[in-house]
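Open the model in a viewer and keep the sequence panel visible. The stops below say what to select and what is found there.

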Amino acid sequence: MNIRRQLLKLAGIGALANTANVFRIPNANAAAVDQSDEDPNDADSTGPFTPVHTLDGWTLPYRMNQGVKEFHLVAEEIEHEFAPGSTAKCWGYNGTTPGPTIEAVEGDRVRIYVTNRLPEHTSIHWHGILLPSGMDGVGGLSQPQIKPGETYAYEFTLRQHGTHMYHPHADEMVQMALGMMGMFIIHPKDGEAHRIDRDYCLLLHNWALHPGTYRPNPAVMVEFDLWTMNSKVFPAISPMVAGSGERVRIRVGNLSMWNHPVHMHGTQFAVTGSDGGRWPGTAWRTESTEIIGVGQTRDLEFVAVPGDWIFHCHMAHHTMNAMAHDLPSPVGVDQSAIEKQMQKMLPGYQAMGETGMAEHQRHAQMGHHKGPENTLPMMMGKGPHGDLEMGGMFTMVKVRDEIATGDFRDPGWFKNPPNSVARRISQNGDWGSPTRKPRT
Ligand SMILES: [Cu+2]
């Protein structure tokens, strides 16, 4: 995301043009890295925070106005790309879905302007944030709806820290289905108890962007086409990069319509917090999979170990792109007769699935299955050893010894040390004498 372009865009919003301060992005401090293994909650505070890195997204600049941190969100229709080959008319904030991450510090007084450039009214609810009832953003209850063309101001003092979200509380079904949501990160006022070297955040969402269409369908309740991290699908989701030994936090929020068991390879993470703030050490859990329920956030923390480690939802359909859900299973079915019939109508048609679906990606890449326009193949992505056969909520944590602090660039594929890669022993299915349970 080009931050400069976003700043220029914000500068064009007339209501804020007349101020002494410019919007700026929160800064990292230069505190030393603390890699001790002691209970982080017992450690001395390391002072100011490490700013969050919104995967494939951006942080909303703010400006100071007489001691108040001012932000400006603009609700508007946008053109969004889920991955090259799939774009849609979505609704978001300040040009993107998810909207920019709001980042502030416990104790801050914040004023958030919300301008509505949508064709219908809206409001914003600050999900999980403790505030006066009239600032809660429920249209019709806590405030009048924000009509098209209007700007409202929300103002409150942040009395907590943690991983929070924002979203409309007006025609919520439509507005969230079209992409209106964002993260709201509040750092602890005394700094982190244990320094975090990389602080990522991402929002999980689902979209009913049916094959061949260009606008998500808000009426769909179950059968979604795209499963996203920060509104992107694999392979368009960037890897999360870290240096070996760095302490990494991944903050995950879920404003989709499903719960997502997020699983990470290569390490065990501690679940250390949520929109309830950072949990006491006695409440931490060591896991490799954590269910992020609808409307929940979770902080996952670990010390990075070298390698390419995948990070994905464990619902197997959530790591696929658009597909037909309601067909009979082709596995084990001889489709040769059907294939001949289909080829009369669709030259080049190839039946698939008799031996499983692994051939899908290869066929799609060879052009055998020209899907509808604006539709991604179900399986995508290439690794150093071949097709990855993935899509949707799937990315990688790439950890390298030589990554510099603050470098988020994709380092390419991991070079495994010699004799540490699974290897072929035989190409004969009768090789060896494995113990098998006799048939009765
Ligand atoms: Cu999922």
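How many bridges join β6 to strand β8 (residues 151-157), and do the two run parallel or antiparallel? Select both: 7 bridges join them, and the strands run antiparallel. Strands here are DSSP runs of E of at least two residues, helices are runs of H or I of at least four residues, and both are numbered from the N terminus. Two strands count as paired if DSSP finds at least two bridges between them.

This is a predicted model, in which local features need pLDDT of at least 70, side-chain atom pairs count only at pLDDT 80 or more, and totals for chains, interfaces and linings use all residues. Residues are numbered from 1 along each chain as its sequence is written.

**Around β6**

Stay on β6 (residues 109-116) and add strand β3 (residues 68-83); these two run parallel, joined by 7 bridges. Pick Val110 in β6: Lys69 stands opposite Val110, and in β8 the bridge partner of Val110 is Phe156.

**The open sheet**

Next, select the 5 strands that form an open sheet in the order β13-β24-β21-β15-β19, with mixed pairing. β13 and β19 (289-292) stand at the edges with a single partner strand each, so one side of each is left without a neighbour in the sheet. From one strand to the next the twist averages 20° (axes are lines fitted to C-alpha atoms, for helices over the stretch in contact, and angles run from 0 to 180 degrees between N-to-C directions).

Begin at β13 (residues 240-243). Its pairing with strand β24 (residues 394-400) is parallel, over 4 bridges, and Ala242 stands opposite Val399 in β24. In a regular strand the side chains alternate between the two faces of the sheet. In β13, Met240 and Ala242 on one side and Val241 and Gly243 on the other are all buried. A residue is buried if 20 or more other C-beta atoms lie within 10 Å of its own, exposed if 12 or fewer, and partly exposed in between, with C-beta atoms placed from the backbone.

Move to strand β15 (residues 260-264) and strand β21 (residues 307-313), which run antiparallel with 3 bridges. His263 has His312 of β21 as its bridge partner.

**The core**

The largest nonpolar core (buried Ala, Val, Leu, Ile, Met, Phe, Trp, Tyr and Cys residues joined through C-beta atoms within 7 Å) has 79 residues. Phe184, Leu226, Val233, Ala242 and Val397 touch the most other members. Strand β11 (residues 198-207) gives the most to this core, with 6 residues.

Centre on Phe184: leaving aside residues up to four places away in sequence, Phe184 touches Ile102, Trp126, Ile129, His164, Met165 and Tyr166 (contact: C-beta atoms, placed from the backbone, within 7 Å).

**Backbone details in the loops**

Go to the loop between β12 (226-229) and β13, which holds Pro235. The peptide bond from Phe234 to Pro235 is cis, with omega near 10°. Asn230 is found in the loop between β12 and β13 too; it is not a glycine, yet has a positive phi of about 50°. Asn230 counts as buried, with 25 C-beta neighbours inside 10 Å.

Another cis peptide bond joins Thr97 and Pro98, with omega about -10°; Pro98 lies in the loop between β4 (86-93) and β5 (102-105).

**Confidence**

Finally, colour by pLDDT, the predictor's confidence in each residue, from 0 to 100. The protein chain has a mean pLDDT of 87, and 85% of its residues reach 70 or more. Over residues 1-21 pLDDT stays under 50, and over residues 27-46 it is below 50.

Methods. Contact = placed C-beta atoms within 7 Å.
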